[in-house]
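Welcome, and please open your viewer with the cartoon view switched on. Keep the selection box handy as you read.

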Amino acid sequence: MKKSIFFTLVLGLLITSIKAQYYEIRPSFISLTGGAGNVSLKDCQFPGYYGKVEGAFFINYLFGVGLQVNHGYYKPFENRFADNRVNTPRFNYNKTTATLDNYIVQNYTVNAYFNAMPNWWFSFMGCGGVGIQRTLTPQGSILYEEIYPYQNYGEAYQSATIDINRETRTAFVFHAGMRVNLMVSDRFGFTFNTDYFYSKHNKYGYNSIIPEEVQKPQIHEFTGTAGIIILLNEMLY
């Protein structure tokens with residue numbers, strides 16, 4: 001009986017010591033993640049693909065500040081993109097062939113972090129911040145064609161090719177996110193993230209190439225990513 005009490009006390013002291021040591025650790029980190037995203041541009045397909053680099057410095061085991069840089073790539077609905085352009089051909093085309101690359105949405109944000117429910121192998125982090133968003137439109141070319149019957153001689157057609165130049169718009173962005181971190185050692189682990197970005201542009205992401213009546217000033221972007229996280233305690237403190 002005395003031995004049981006003794007070992008219970010030793011185990012309790014050990015757990016208390018480990019817990020106390022953890023609470024002295026400030027979980028500053030860098031992470032690299034990738035995954036899928038969705039953006040509220042009217043002619044973007046779902047899902048897009050998305051990647052980000054993130055880092056934070058914690059002033060104690062609960063609170064920190066950090067930076068995030070991310071890029072999202074979204075394929076346009078090519079025919080919808082072509083039909084919405086301002087400078088479409090004057091003839092009544094009935095066929096479009098578009099060769100376009102992706103919309104690119106970039107966010108650069110400064111964030112505050114809160115580390116909830118921490119222990120050595122698991123932590124749940126919330127973050128929020130502000131920054132700059134850059135929206136880049138696709139570039140490429142669009143072939144407009146009008147194909148119509150010509151008397152009894154079959155079909156006739158006329159066509160026009162328009163080159164699409166990339167356009168860029170910058171706006172202020174708000175950011176909120178959540179992270180679940182699962183550590184496999186005291187420095188290395190896996191992280192699962194979800195993020196939301198909100199921005200308001202003077203004109204929609206594709207601005208001058210789209211008629212104003214179909215533009216929307218607000219852009220919402222939702223992302224989900226997974227990747228690796230590295231704690232920096234030994235290097236920083």
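Here is a short tour, one selection at a time. Keep in mind throughout that this is a predicted model.

**Stop 1: strand β10**

Select residues 188-200, which make up strand β10. Turn on the side chains and look along the strand: which way do they point? They alternate between two faces. On one face you will find G189, T191, N193, D195, F197 and S199, and these are buried. Pointing to the other face are F188, F190, F192, T194, Y196, Y198 and K200, which are not buried.

**Stop 2: the neighbours of β10**

Now add residues 168-183, which form strand β9. β9 and β10 run antiparallel and are joined by 11 bridges. To see one pairing for yourself, click R179 and then N193, its bridge partner in β10. Follow the chain from β9 to β10 and you will trace a hairpin, with 4 residues between the two strands.

Next, select residues 218-231 to bring in strand β11. How many bridges join β10 to β11? There are 13, and these two strands are antiparallel as well. One place to look is F192, which stands opposite A226 in β11.

**Stop 3: a nonpolar patch**

Stay with F192 for a moment, in strand β10. Is F192 buried or exposed? The answer lies in between: F192 counts as partly exposed because its relative accessibility is 41%, and partly exposed covers the range between under 20% (buried) and over 50% (exposed).

Switch to the surface view and colour L32, V53, W120, W121, L182, V184, F188, F190, F192 and I228. Together they form a nonpolar patch on the surface, with about 940 Å² of accessible area. The largest share of this patch comes from β10, which supplies 3 residues.

**Stop 4: strands β1, β2 and β3**

Go back to the cartoon and select residues 29-39 for strand β1, along with residues 48-58 for strand β2. These two pair in the antiparallel sense over 9 bridges. Click S31 and look across to β2, where E54 stands opposite.

Then add residues 63-74, strand β3. β2 and β3 also pair in the antiparallel sense, this time over 10 bridges. F58 has G64 as its bridge partner in β3. A hairpin of 4 residues joins β2 to β3.

**Stop 5: N102 in its loop**

Select N102, in the loop between β4 (95-100) and β5 (103-116). Why does N102 count as buried? Its relative accessible area is 17%, and buried means under 20%.

Now show what surrounds N102. Apart from its neighbours within four places in sequence, N102 is in contact with Y49, Y73, Y74, K75, P76, L136, T137, P138 and R166. Zoom in on Y49: its side chain makes a polar contact with the side chain of N102, at 3.3 Å. You can also draw a line between the C-alpha atoms of N102 and G140, which are 38 residues apart in sequence and 9.7 Å apart in space.

**Stop 6: E78 in helix α2**

For the last stop, select residues 78-83, helix α2, and pick out E78. E78 is partly exposed, since its relative accessible area is 25%. Leaving aside neighbours within four places in sequence, which residues is E78 in contact with? They are A98 and L100. Finish by drawing a line from E78 to T99: they are 21 residues apart along the chain, and 7.7 Å separates their C-alpha atoms.

How values were computed: Residues are numbered from 1 along each chain as its sequence is written. This is a predicted model: local features need pLDDT of at least 70, side-chain atom pairs count only at pLDDT 80 or more; totals for chains, interfaces and linings use all residues. Side-chain values use heavy atoms; hydrogens and water are left out. Buried means under 20% relative accessible area, exposed over 50%, partly exposed in between (1.4 Å probe, protein chains only). Two strands pair if DSSP finds at least two bridges between them. Patches are made of residues with over 30% relative accessible area and no salt bridge: like charges are joined within 9 Å, nonpolar side chains (Val, Leu, Ile, Met, Phe, Trp, Tyr) within 5 Å. Accessible areas come from the Shrake-Rupley method with a 1.4 Å probe; for residues, only the protein chains shown count as cover. A salt bridge is a side-chain nitrogen of Lys or Arg within 4 Å of a carboxyl oxygen of Asp or Glu. Contact means heavy atoms within 4.5 Å. A polar contact is a pair of N or O atoms within 3.5 Å; within protein, one must be able to donate a hydrogen and the other to accept it, and residues adjacent in sequence count only if both atoms are side-chain atoms.
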